[in-house]
Every structure is written in C-alpha cells, then in structure tokens.
Amino acid sequence: MAALINRHGLVAADPWQRIADAAELAVAPGRHLLLPLPLWTAHRQALAGRDRALGVWLRPDDEPAVLRTAIATLALIAVDFPCFTDGRGYSLGKLIRERYGYAGDLRAIGDILRDQVYFLSKCGFSSFALRADQSPDEALAALHDYRWSPRPGGSR
Amino acid sequence: MYLYNDVDQQLVHDRVACFRGQMERFLGGRLSEDDFRPLRLQNGLYVQRHSPMLRVAIPYGLLSSRQLRMLAHIARTYDRGYGHFTTRCNVQFNWVRLNQAPDILAELASVQMHAIQTSGNCIRNITCDALAGVAADEIFDPRPYCEIARQWSTLAPEFMFLPRKFKIAFAGGAEDRAAIRFYDIGLWARRTADGTPGFEVFVGGGMGRTPMLGHSVKTFLPGTELLNYLTAILHVYNRHGRRDNKYKARLKILVKDLTLAGFAAEVEAEWRHLRGGLDTIPAETVAALQALFANPAYATSGRDGVADAPPPANREFSRWQTRNVTRHRHPDYAIVTLSLKKTGSPPGDATAQQMETAADLAERFSAGELRVTHEQNLLLPHVARKYLFELWAIAVSQGLATPNSGLLTDLVCCPGGDFCALANARSIPVATAIQQRFDDLATLFDLGPLELKLSGCVNSCGHHHLGHIGILGVDKNDAEWYQVTLGGREGNDSRIGRVIGPAFAARDIPAVIEKIVGVYLARRHPGEIFIDTFVRIGIEPFKSGVYGAGHGRID
C-alpha cells in the first residue's frame, strides 16, 4: 500500500477509502470515504449524517468550481495525478486553495513521486499519497529541496 | 546587469544539490529512465547521438565577461573545447558526461548561471531584443520585465508540467528584433499617451511542424499587470491545452481551437481574479531593476585624454564596419557584432579561445558586457567608436570578425543530424557548402541583406520558417532531403516562409541557392533587398528559376 505523508508532515496510515465507482461504493465498508466527483454529487445527501466523513477526489479535467458552495464541509479534497507529467492538478490545487478558499486537507494522489512534492506543496497540497515504490522518508525530506519559496510581485 | 541576490544564489545552489541527488539515484538504479527524463530535461540535459548535451540558460541573452570565461572553462574542462550558441540565445555543450553534469551546474552557479528549464514541458529561457538598452528606436528597455518574468517563471510551481514547452520573448523597440510573433507569448513594449509603460501581448505563435504567427490578444497591458496576465494565460493553457498528442499540444493549437476571441475571453476571465493581486509588480521593483540594467557611464569624445584619430584606411576594416557595426543610441558609441559565422566552422560555434577573446574584448571595450543574439552571434553593446579599429584587429586574429552580419553567409543553423537525436538530416555540412559557395565578399556584399536559416528537422531550432530563404532537412526513405522555403521574415511584418516545391538532395542545395539569388539579381530594382523583391514579384519566378519554366504546369 502506498505511503501517506499527512498534513502534519508525518508518515501515517491512510484512514480514507478511495472509491473508484458506484460498484465500489455499494460495498464500501470504510468510515471515511473519498468519492469521485460524480458520486459525491449524486450521493452526498444520502451519505451525509451517518457516522462517516466524506471527501472528494478530482480527476485532472474536473471543474473544481462545483465544490465551491460545499467546500467548507469537506474533510478532504484529493486531486488525482494519473501520471506525474500531467500538470493540470497543480492548477486545480491553486484554485481550490486560493480562489475557493479551502482550508482543509488537500491531497495529491496517484503518480506522486518525491521529486514533485516540493512543487505540489507550493500549490497548496498538504498531504501526499505516494506511489507505491516511493520512500516516504525521502519524500518528507524532499519537501525541503529548496529553502526558497515563490514570492509575489517579482521582487525577491 | 542584474546581479543575483541571496535568494537567487541559494536557489541555484539548492537546485544543484537537488539535481546531484537525482543523478545519483538515476546512476544507482533507484530512479527509472521514465521518472528521470523530465527531471534531466528541466536541467537542460539531453541524451544525444554521441553523448549527453547540456543546454545552459543565458537569460535574455545577457552575459558578463566573467560568465563567458566560465563557459570557456566548461568547454575546455568538460567538453571538447567549444560550445554552440543557439537561436534561443542559450549555449549548448555537446560532449558532456552524464555524471559530470552536476559538477558543471555547480561551476555555473558560482557565476550566477544555471540550466534550469532550458528544456522540458515548462516555461523556457526568456529571450529579448539583443539591442535592449542601446537601440536608437527603443520605447523602453524591456530587461527589467524580462528579469521579473525570469524570477516568476523559474521553478514556477504551477507550471512545471505543462502540455508542452512554452516560450516567451520581449521586444523593446519600434522594430521587433526578437521574433516575438514566433513564440507562445510575445510581449512588445508600448506606452500610453501619459507615458505608462506596458506591453502589447501576442499569443499562439510558434514554429515546428505547424508554424503560426502569434496574434495580438491585448493591445495594451500595463506593465504592473505583467505577471498576473502571464499567469492567467499559463493557467488557461495548463488546464485546457491538449495532452493527448504532443504535436497538437502547443499553445498555438489551443488558441486555434478556442479561436482567438474564445481564448482571449478565457484569459480575461482568469485575469479578472488575479488583477491587482499579489503578483502585481510594484513600481519600486521596476525602478530597482532599471538601476541594475542602467548603461555604463558613456564618456564623451576624447575619453582617456586620447585624441580621436581617424581609423586607418583599410578595406577589410571598412567592410567590417559596414556590416558588423550598428548604430548606438549614443553618437560616440557603437554596437559591435562578433561573428560566429566564419566559413568552415559550424554556425554559432565558439571555441574556448574565442570565448575568452570575446570576454576580454567585452572587458576592454564594452563595460564587461555581451549579448547573445538569436542569429547566433555575440554582440558588444557599448563600444566607443574610437576603439573600433583596435577591437577589430584583435577580433580578426581570433576569427571573430567575418564581415558578414546580415548577409547570406551569416546563416543560422541548428546542430542537426551530426549531434541531435531529433534531427532528420544534417545541417552543418549543408551550411558549410553554402558558405563556401558564397565566400567571395564582393558577391556577398552585392547580394546585400539576406537571411538564410536552416533546420535539421521540423522542430525548427534553426528558425527556417522565418528565413528569407529557409531550408528544412527531411527524411525520405532513410535519405536526407532538404525542403526550401522562401519569403519568411521576422520583424514588424513577420511572415512564415512558403515551400517552393519538391525537396532536394544535399549536394544540390548550393546550386539551388545560386538559382534563387540569380532570380533576385535579375529582377531586383536598384537598392531593393532580396525580401522586398520577393514580396514584389512573388514566389512563381523563383519556382521557375529553380525547377525550370515548365515545372508544375498542366499541359
């Protein structure tokens, strides 16, 4: 199982069960369900109120604006990187944090490698579900690959 | 010149450490080729035909003597004693060893240089008018904005994995000398009636297999909004640019698919959120950078107490002065082109010795400053006219004074199939054959300004689309062929060259060029340069001249 670096910067077990589709949802035993956007949209009312937390995961071509009204209720938003060279998720991260003001846990999932976690963190991602072959300790260290942070306004 | 502050310096040091670790993991088998490739490309490291190639960034083409000496040192220590200056004003070392790349980057960092984002699907090194700060027609010096954009784009976290490479160029003069309409984003200096500096923004230009000219998407963007607007464009591109087909992944295709108006609307909507935000550029930032880019104090005539002597009558010198000395904003000064286009040496190549000589010349005569031009020459921007003869004599001795600037043999050429793994055909031998055919200076001067550009494949590193005469190497059944285009041009009336007909074998190219210039010589009006004759008479006379009168006619 893939290692998780949680939002506190610790290597931890992942309490969330990532649901891929409706069939998986039907048999989901987990208490913390991470739903793809269409399932979250369709079932969040029905699933709410039970003794479980809901999160939503986005594909790179999903439109995060649809989360806007309910964003404060989400315990977790994840963005999937099907391949680490697909950089759309970086822009989704920026939107979710900066435009829609999400303050909860924003997680990068999928093809997450240690060499990208620094850039992901600068786009607002707070936790990282690493690809199975990645060393969580190395990835933790890589969050500090650069001592520098992007500064606004072109002034260093 | 811009000088790194502590943050810049720390960033390049951290980058070296980071890349060294990646290289160690790769060489130790802990980082796969697929995972490593984008990382090494973002450090300008290609795997080429014979050896890895390292492309070093020269931000907006500006170099100090100290930096150029370091490039000479790297050429000697890690390469085979030379480097290649490119059409994007970078320098390439063709014979580096993979495991030494981190050491080279560490040496570069010691003179405030790096290879960050000289390749890969990210924002590439930013280019600029080579005459910035000294051109007589300048609206304003764009370099402070180039530097701001460089800082913003360097390791820009949101834009490290774009659909495809992304190129930005700035022009500061009334004349565009940076080919800005051939880039993803072109920024052209503008001022409002009340003097507010800003840019006209062009988007969706590019070369490659689908050459397109950039379109004006905004006639005036205030300079303060530069980063907000660039972010808006990049954000729209990053989210919506095609990723399913690398040949349709450049910004130009997105602009075409959305239409210019559709793309502009998306960008405006994005910009509305960003406008006036954190990335708004404070006036003090621009002012501080302007001070760093200020020209040296120019002496008036009689500098150093030495009386001005007229240069000795010397035909070679006066030829060189005609071609390689450009008017400076200051009447007592000149801009000197050090030619890297001596017949027989690959265009844009400089030996370590030549780099050192150029660095010395810059130090003695040009306030320690040089520029790399997108025509693959070096330029000294601040030369007192009275030292021209002395400078010339030294430049001649090192093969840096070929008096061909802007002429046919000043041709632009990529490394081609001799080095590049992407190339379909060799380009250097073809370039050399053309230079040899037109080596006679009287002929060359009679032909007048004529830009010939040659690429070894459709990636267009040799900028063939914008050559008055363009040559493109193509592969047909495992043989090298060369397609000829005519009528391309950069500048205020940018055009993409048109193919004249079927491709030629390498050995026929010099004769084909001779036929093309033959048509020009026969048809030109007095004082009319090649490209103007082409515009006036069209492509047909050239086709007939090359293929024969009956070519393509239906009987």
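## A tour of chain B

Among contacts in chain B between residues at least 6 apart in sequence, 67% join residues at least 24 apart. Keep in mind as you look around that this is a predicted model.

Start by selecting chain B as a whole and colouring by secondary structure: you will find 17 helices and 20 strands. The radius of gyration is 23 Å, close to the 24 Å that the globule rule gives for 555 residues, so chain B is as compact as a globular protein of that length. Draw the C-alpha trace, and chain B spans about 70 × 60 × 60 Å along its principal axes. Of its 555 residues, 55% count as buried.

Next, pick out five strands of chain B. They make an open sheet, ordered β1-β2-β5-β4-β13, with antiparallel pairing. Now highlight residues 45–47 (β1) and 349–351 (β13) of chain B: these strands stand at the edges, each with a single partner strand, so one side of each is left without a neighbour in the sheet. Turn the view a little and look at the twist: on average, neighbouring strands of this sheet are turned by 30 degrees against each other, direction ignored.

Zoom in on residues 82–85 and 91–93 of chain B, which are strands β4 and β5; they run antiparallel and are joined by two bridges. Show side chains here, and you can find B:Phe85 standing opposite B:Val91 in β5(B).

For the last stop, add residues 352–365 of chain B. This is helix α11, which packs on the sheet and touches β4 and β13 of chain B. Look along β13(B) to judge the crossing: the direction of helix α11 makes about 85 degrees with that of β13(B).

Notes:
Residues numbered from 1 in each chain as written. Chains lettered and ligands numbered in written order. Predicted model: local features only at pLDDT ≥ 70, side-chain atom pairs only at ≥ 80, totals over all residues. Pairing = 2+ DSSP bridges. Helix = DSSP H or I, 4+ residues; strand = E, 2+ residues; numbered from the N terminus. Axes fitted to C-alpha atoms, helices over the stretch in contact; angles between N-to-C directions. Contact = placed C-beta atoms within 7 Å. Rg over C-alpha atoms; globule rule 2.2 N^0.38 Å. Buried ≥ 20, exposed ≤ 12 C-beta atoms within 10 Å, placed from the backbone.
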